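Here's a quick walk through a model, helix by helix and then out to the surface. Have the viewer open as you read.

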Amino acid sequence: SITLVLATLGFTQASPLWVEPVIALSIAVTALLNLYPVKWVRFDVLALLFGLIHGFGFAGLLQEMAAPTGLLPWALTGFNLGVEAGQLVAVLAWVLVSQALVGQPWYQRVVVRGGSIALALVAAAVYLTVQFTRSGHLPRAEAAGAESTQAAHEHGTHDEDEHDEEA
């Protein structure tokens, strides 16, 4: 909420060029720390730092909605309360589900480890997607698709050739 308020009101700013990938990395780091705990890491400090970064991300979303200046305090308050309420609902849902499952013999292996691995992989995929999108570099699969499209154009087998001739 601190950086959300400060950035939305214009007291500070952070570029989405670094905020968005760092948000993805913070999620991956949290998931990896769940798999491989580090005794010296202070999770309260880590949560504060990651929360500050996430606040910049939420501020970017709120700024994109472009509330009129006179309504900005109301928009900020409503947005912030909505984000906090959403987090509380997610935590409550997880607590209810996990309480039902925690006694199962497979809980640690499937839910904790499997969920952490899945979360780390999704966060890494988001990070890489943001990086590739911003850098203009295409992953191999997309590059291969582009090459096959080019080959189809050269051999006259691409559907767009018909559209190109009509235009």
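## Helix α4 and its neighbours

The buried residues of α4 pack against three other helices: α1 (2-8), α3 (43-64) and α5 (107-135). Keep in mind that this is a predicted model. The residues of α4 that count as buried are L72, L76, F79, N80, V83 and S98. As for its geometry, α4 covers residues 72-101, which makes 30 residues. From first C-alpha to last it reaches 43 Å, close to the 44 Å you'd expect at 1.5 Å a residue.

N80 deserves a look of its own. Is N80, in helix α4, buried or exposed? N80 counts as buried because its relative accessible area is 16%, under the 20% cut-off. Setting aside residues up to four places away in sequence, N80 touches S1 and L4.

## Helix α3

Now for α3. Its 22 residues should span 32 Å at 1.5 Å a residue, and the end C-alpha atoms sit 31 Å apart, so the two values agree. Just after the helix comes A66, with a positive phi near 50°.

Buried in α3 are L46, F50, I53, G55, F56, A59 and L62. The cover over these buried residues includes α1, α2 and α4. Several of the gaps in that list are three or four places, and there's a general reason to look out for such spacing: an α-helix has 3.6 residues a turn, so residues three or four places apart point the same way.

## The nonpolar core

Which residues make up the largest nonpolar core? There are 11 of them: L4, A7, V19, I23, I53, F56, A59, L62, L76, F79 and V83. The elements that put in two or more residues are α1, α2 (16-35), α3 and α4. Helix α3 supplies the largest share, with 4 residues.

Two of the core residues show how the pieces meet. I53 touches W18, V19, V22 and I23, once residues up to four places away in sequence are left out. L62, in helix α3, counts as buried because its relative accessibility is 4%. Ignoring neighbours within four places in sequence, L62 is in contact with L4, T8, A75, L76 and F79. Take the L62 and F79 pair: they're 17 residues apart along the chain, yet their C-alpha atoms are separated by 7.4 Å.

## Out at the surface

Some nonpolar residues end up outside. I2, L6, L9 and F11 form a nonpolar patch on the surface, and together they offer about 410 Å² of accessible area. One of them, L6, lies in helix α1. L6 counts as partly exposed because its relative accessibility is 35%.

## The salt bridge

How many salt bridges does a search of the whole structure find? It turns up 1. The partners are D44 and R42, with their closest N and O atoms 2.7 Å apart. As background, side chains of opposite charge can pair when their charged atoms come close.

The two partners fall into separate accessibility classes. D44 is partly exposed because its relative accessibility is 47%, whereas R42, with a relative accessible area of 53%, is exposed. The cut-off between those classes is 50%.

Note on methods: Residues numbered from 1 in each chain as written. Predicted model: local features only at pLDDT ≥ 70, side-chain atom pairs only at ≥ 80, totals over all residues. Heavy atoms only, no water. Expected span 1.5 Å × (residues − 1). Buried < 20%, exposed > 50% of the residue type's maximum accessible area, 1.4 Å probe, protein only. Contact = heavy atoms within 4.5 Å. Core = buried A, V, L, I, M, F, W, Y, C linked by side-chain atoms within 4.5 Å. Patch = residues over 30% accessible without salt bridge, like charges linked within 9 Å, V, L, I, M, F, W, Y side chains within 5 Å. Areas by Shrake-Rupley, 256 points an atom, 1.4 Å probe, with all protein chains shown as cover. Salt bridge = Lys/Arg side-chain N within 4 Å of Asp/Glu carboxyl O.
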